[in-house]
Amino acid sequence: MDWRPCAGVGCPFHALFEAEHCWEHLPDRRAYARRLAERLRAGEDLSGAYLAKVNLSGYDLRGARLAGAYLYGALLAGAQLEGAMLDGATLQRANLSEAVLRGASLTGALLEGVRGPRSQWQQAGLRQAVLRYASLEEAQLEEAEGSEACLSHAFLAKANLRGFRGAGTRAEFVVAAEASLAEADLTHAHWGGAQLPRANLEGACLDHVNLVGANLAGACLRRVHAYKARMGMAFLAGADLREAALERAILREAVLQGADLRGAHLAGVILERAFLRDAHLSPDALRMASNLKGMEA
Ligand SMILES: [Zn+2]
């Protein structure tokens with residue numbers, strides 16, 4: 001789709017799709033938004049359209065076809081985008097507070113810095129999407145497909161990511177305190193320095209995950225699969241690791257004070273210089289560990 005310059009004198013921005021002006025210079029913004037919503041709702045394909053900063057808050061845009069559209073800074077608070085096609089769209093710094101994106105397709109979309117508290121993304125397609133610095137507290141992301149997505153520095157406190165398919169995600173320094181990641185797949189994901197206190201990761205797949213230096217205080221890691229997981233220097237005080245499969249996991253210098261490791265599988269686990277005072281585990285289980293040098297129990 002062709003982008004023309006805005007007719008506003010000296011304006012550096014593009015004109016909106018089929019308009020003469022950018023959003024800032026548009027004389028009849030409300031009418032424009034209403035027409036746009038109607039056309040999208042009727043199934044018109046606006047792939048690649050320039051729609052920066054449009055205010056479509058609260059509109060019913062279910063099934064909208066906006067692949068590759070430029071929606072930088074758009075206001076979409078409370079918008080219904082269920083099943084929308086937004087592959088490769090630019091939504092940086094958009095406001096998606098309480099928006100519904102259930103089942104929407106956002107493969108490779110740019111969502112950096114979006115504000116989306118309590119937004120809904122159940123079963124959405126977020127493969128390779130960029131959600132760096134996104135604010136998604138209390139968002140619903142159950143069973144979303146987010147493999148290879150980037151969530152670094154995102155804020156996901158109390159978000160629901162149950163069954164999230166996040167293999168290969170990058171989420172360094174993500175803040176997801178009290179979030180649910182139960183049954184999530186984080187195979188080969190990079191979550192170093194993640195803040196996950198009191199998070200629920202029960203039954204999650206953490207094979208080969210990088211959680212170096214992560215804060216998992218009081219987190220539930222019951223029955224996780226964490227084969228060869230890299231959890232050096234992780235803070236796991238009071239964490240529930242009952243029946244966790246930790247074969248060959250690296251817990252070098254990890255703090256496991258008061259952690260519950262009853263029934264955990266520790267064959268080949270590396271606990272070098274780890275701190276296990278008041279941890280609950282059987283001496284038999286510990287005998288399976290391969291490197292306990294300098295471990296404090
Ligand atoms: Zn302008």
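Helices here are DSSP runs of H or I with at least four residues, numbered from the N terminus. With that term in hand, Ala214 can be placed: this residue sits in the loop between helix 1 (29–41) and helix 2 (283–287). The model is a predicted one.

## Overall layout

The chain has two helices and zero strands. Its C-alpha trace spans about 75 × 35 × 25 Å along the principal axes. The chain holds 297 residues, and 58% of them count as buried.

How do the contacts in the chain run along the sequence? Take contacts between residues at least 6 apart in sequence: 3% of these join residues at least 24 apart.

The largest nonpolar core has 127 residues. Leu16, Leu51, Leu201, Leu216 and Leu236 have the most contacts inside this core. Leu51 gives a view of the surroundings of one such residue. Neighbours within four places in sequence are left aside here. Leu51 is then in contact with Leu16, Phe17, Ala69, Tyr70, Leu71 and Ala74.

## Helix 1

Helix 1 has 13 residues. From its first C-alpha to its last it reaches 18 Å, close to the 18 Å expected at 1.5 Å a residue. Tyr32, Leu36 and Leu40 are buried in this helix. They cover an arc of only 65 degrees around the axis, so they lie on the same side of helix 1. An α-helix has 3.6 residues a turn, so residues three or four places apart point the same way. The other side of helix 1 carries Arg30, Ala31 and Glu38, which are exposed. Just after the helix comes Gly43, with a positive phi of about 95 degrees.

Leu40 deserves a second look. This residue of helix 1 is buried because 25 other C-beta atoms lie within 10 Å, and the cut-off for buried is 20 or more. Setting aside residues up to four places away in sequence, Leu40 touches Leu46, Leu61 and Ala64. Leu241 is 201 residues from Leu40 along the chain, and their C-alpha atoms are separated by 49 Å.

## Between the helices

Back to Ala214. Is Ala214 buried or exposed? Ala214 counts as buried because it has 30 C-beta neighbours inside 10 Å. Residues up to four places away in sequence are again not counted for its contacts. Ala214 touches Trp191, Gly192, Gly193, Ala194, Leu196 and Ala234.

Glu253 is also found in the loop between helix 1 and helix 2. Glu253 counts as partly exposed, because 19 C-beta neighbours lie inside 10 Å. Beyond residues up to four places away in sequence, Glu253 touches Gly232, Met233, Arg273 and Ala274.

Two arginines in this loop stand out by their backbone. Arg118 lies in the loop between helix 1 and helix 2, and its phi is positive, near 60 degrees. Arg223 has its place in that loop too, with a positive phi of about 60 degrees although it is not a glycine. Most residues other than glycine have a negative phi. Arg118 counts as partly exposed because it has 16 C-beta neighbours inside 10 Å. Arg223 counts as partly exposed because it has 19.

## Before helix 1

Where is Asp2 placed? Asp2 is in the segment before helix 1. Asp2 counts as exposed, because only 8 C-beta neighbours lie inside 10 Å, and the cut-off for exposed is 12 or fewer.

## Separations along the chain and in space

The table sets sequence separation beside C-alpha distance for four pairs.

| Pair | Apart in sequence | C-alpha to C-alpha |
|---|---|---|
| Ala214 and Ala254 | 40 residues | 9.6 Å |
| Glu253 and Met231 | 22 residues | 8.9 Å |
| Asp2 and Ala199 | 197 residues | 46 Å |
| Leu40 and Leu241 | 201 residues | 49 Å |

Ala214 and Glu253 each appear in the table with a partner. For Ala214 the partner is Ala254, 9.6 Å away in space. For Glu253 the partner is Met231, with the C-alpha atoms separated by 8.9 Å. Asp2 is paired with Ala199, at 46 Å.

Note on methods
Residues numbered from 1 in each chain as written. Predicted model: local features only at pLDDT ≥ 70, side-chain atom pairs only at ≥ 80, totals over all residues. Contact = placed C-beta atoms within 7 Å. Core = buried A, V, L, I, M, F, W, Y, C linked by C-beta atoms within 7 Å. Expected span 1.5 Å × (residues − 1). Arc of directions from axis to C-beta.
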